[in-house]
2 protein chains.
Amino acid sequence: MPAQLILFPVPIGNDDPDVTIPSYNRELLNTCTTFIVEDERTARRNLKRMGYTALPLDQVELLELNEHTSPLDIVGYLDPITLHGRNVGLMSEAGLPCVADPGSLVTAEAQRRGIQVLPLVGPSSIMLALMASGFNGQNFAFNGYAPIKMRDRDALLKRLEVAIHRDNQTQIFIEAPYRNDQFLEYLAHQLQPITRICVATDLTLPTQYIRARLARQWLNDPPQLNKRPTIFLLYK
Amino acid sequence: MPAQLILFPVPIGNDDPDVTIPSYNRELLNTCTTFIVEDERTARRNLKRMGYTALPLDQVELLELNEHTSPLDIVGYLDPITLHGRNVGLMSEAGLPCVADPGSLVTAEAQRRGIQVLPLVGPSSIMLALMASGFNGQNFAFNGYAPIKMRDRDALLKRLEVAIHRDNQTQIFIEAPYRNDQFLEYLAHQLQPITRICVATDLTLPTQYIRARLARQWLNDPPQLNKRPTIFLLYK
């Protein structure tokens, strides 16, 4: 099998990787000695808890990919594959890589150069929340973070509410964790009373909370989301 | 822990569940003696290969959920949870339940009644394809099947191509497998030359093929998709 770029998911907060990571991933983890990571320190911790044993952790080559990385560096990150025929791993900080992190810059480069990319199964808070919401899974949009400016936010919400009711499209958001409670209150007030909101918090953790209610109902007994990782889903 | 509705993913075509299913899922599988399934026969086969041992397979209660199921039946499907305090499992035919199957009718009912829903990790061909495409994962839409009528299809594609170039939104489709090759040719002709198409076929299988190219490039050496399960992604 030719060398490839392997995309490794990381548990989302849970300490036991067997809850969210298939055992096969560990086999492939141990075929890599170079990893592209967002942060060296958490990457070493994640390698350890996912059972990496191919090399002592201080000898693993870690290539950082974050807002300080230049595009030129990224091109070189794939050299182990093209020059030396060795697999390179790419890890997220939590969850699936290349979804809400800069990982797609590397996979895009790999695609341009015809390098084989192997995505592995792991926890996607977006999909877990969608499955449990009861909302439409045959048509949905993940919109990332809601815009910060109120005017942009209001305009986007109006547009997406049309897509919910006219196109049957579920709308999915995340918010900076410290604004979770504010955001839920905003949604509960702003949306039409017939629109539903599903709040999915602490997914895969023992404290997991997933509930769908009509917009206005969230004004009674709102949950305390605080800074817990939360996905917001909107549908009818 | 109160009884709950547990959502069990099923491998997508692969015979060895350890490749795509965390070992934790098997523990929970064995807490259920009732399962909501699309088809009894494939459900028994899937239970067997995923290591179900709690009961002989002919004694497991299987409740079918498909186009023949009436909404009234669905309400009764949750009785083991509410009346008897026993977990109920919900399984897809392949991949994540409640995404491209009728499972969300049951989770929606569970949400209405305040029954706890536990979604488990497993293979999502949508997310695997998105991760490997190099396309934007921070904003994407899954559009399900492309419309069959040419006029509707053309109109939708035009609208989504605007969303790609203006809103940086990746667009994801599936097609009836026997129309895969036709659909790729259609996309390659119809899209702007600067729009990219990623084709992701046979995900998680040894024959996996994932490649992103500019629209027109797909007219040279198109892959033979035949009836292999395929995800189409569009971006710039």
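Me: Which residue of β6(B) is the bridge partner of A:Ala141?
Reply: In this predicted model, the residue of β6(B) that serves as bridge partner to A:Ala141 is B:Ala141.

Me: What makes strand β6 of chain A and β6(B) count as paired?
Reply: Two strands pair if at least two bridges are found between them, and 3 bridges join strand β6 (residues 140–145) of chain A to β6(B), so the requirement is met. The two strands run antiparallel.

Me: How many residues does each chain bring to the contact, and which elements of chain B give two or more residues to its side?
Reply: Chain B and chain A each bring 44 residues to the contact. On the side of chain B that touches chain A, the elements giving two or more residues are α5 (104–112), β5 (117–119), α6 (125–133), β6 (140–145) and β9 (209–214) of chain B. The most comes from α6(B), with 6 residues. By residue class, that side of chain B divides into 27 nonpolar, 15 polar and 2 charged.

Me: Where does helix α6 of chain A lie with respect to the strands of chain B?
Reply: Helix α6 (residues 125–133) of chain A lies across β1 and β5 of chain B, and its direction makes an angle of about 145 degrees with β5(B).

Me: Why are the two copies described as related by a two-fold rotation axis?
Reply: A turn of 180 degrees, with a shift of 0.0 Å along the axis, lays chain B on chain A with an RMSD of 0.0 Å. The two copies are therefore related as by a two-fold rotation axis. The same surface serves both copies, given that 100% of the contact residues of chain B recur in chain A.

Me: What makes β3 and β5 of chain B the edge strands of their sheet?
Reply: The sheet is open, has 5 strands in the order β3-β2-β4-β1-β5 (chain B), and shows parallel pairing. Both β3 (61–64) and β5 of chain B pair on one side only, and these are the edge strands. From one strand to the next, the twist averages 25 degrees.

Me: How do you know that β1 and β4 of chain B are paired?
Reply: The cut-off for pairing is at least two bridges, whereas 4 bridges join strand β1 (residues 5–8) of chain B to strand β4 (residues 88–91) of chain B, and the two therefore count as paired. They run parallel, and B:Ile6 has B:Gly89 as its bridge partner in β4(B).

Me: Why is B:Lys48 called exposed?
Reply: A residue is exposed if 12 or fewer other C-beta atoms lie within 10 Å of its own, and B:Lys48 has 11 within that distance, so it is classed as exposed. B:Lys48 is found in helix α2 (residues 40–49) of chain B, and its C-alpha atom is separated by 13 Å from that of B:Asn25, which is 23 residues apart from it along the chain.

Me: What describes chain A as a whole, and how confident is the predictor?
Reply: The secondary structure of chain A comes to 8 helices and 10 strands, and its C-alpha trace spans about 60 × 35 × 30 Å along the principal axes. Of its 236 residues, 46% count as buried. Among contacts in chain A with a separation of 6 or more, 76% are accounted for by residues 24 or more positions apart. Chain A averages a pLDDT of 95, with 100% of the residues scoring at least 70, and the model scores ipTM 0.96 and pTM 0.97.

Definitions and conventions: Residues are numbered from 1 along each chain as its sequence is written. Chains are lettered from A and ligands numbered from 1 in the order in which they are written. This is a predicted model: local features need pLDDT of at least 70, side-chain atom pairs count only at pLDDT 80 or more; totals for chains, interfaces and linings use all residues. Two residues are in contact if their C-beta atoms, placed from the backbone, lie within 7 Å. Ala, Val, Leu, Ile, Met, Phe, Trp, Tyr, Cys and Pro count as nonpolar, Asp, Glu, Lys and Arg as charged, and the others, Gly among them, as polar. A residue is buried if 20 or more other C-beta atoms lie within 10 Å of its own, exposed if 12 or fewer, and partly exposed in between; C-beta atoms are placed from the backbone. pLDDT is the predictor's confidence in each residue, from 0 to 100. Axes are lines fitted to C-alpha atoms, for helices over the stretch in contact, and angles run from 0 to 180 degrees between N-to-C directions. Copies are superposed by least squares on the C-alpha atoms of residues with pLDDT of at least 70 in both.
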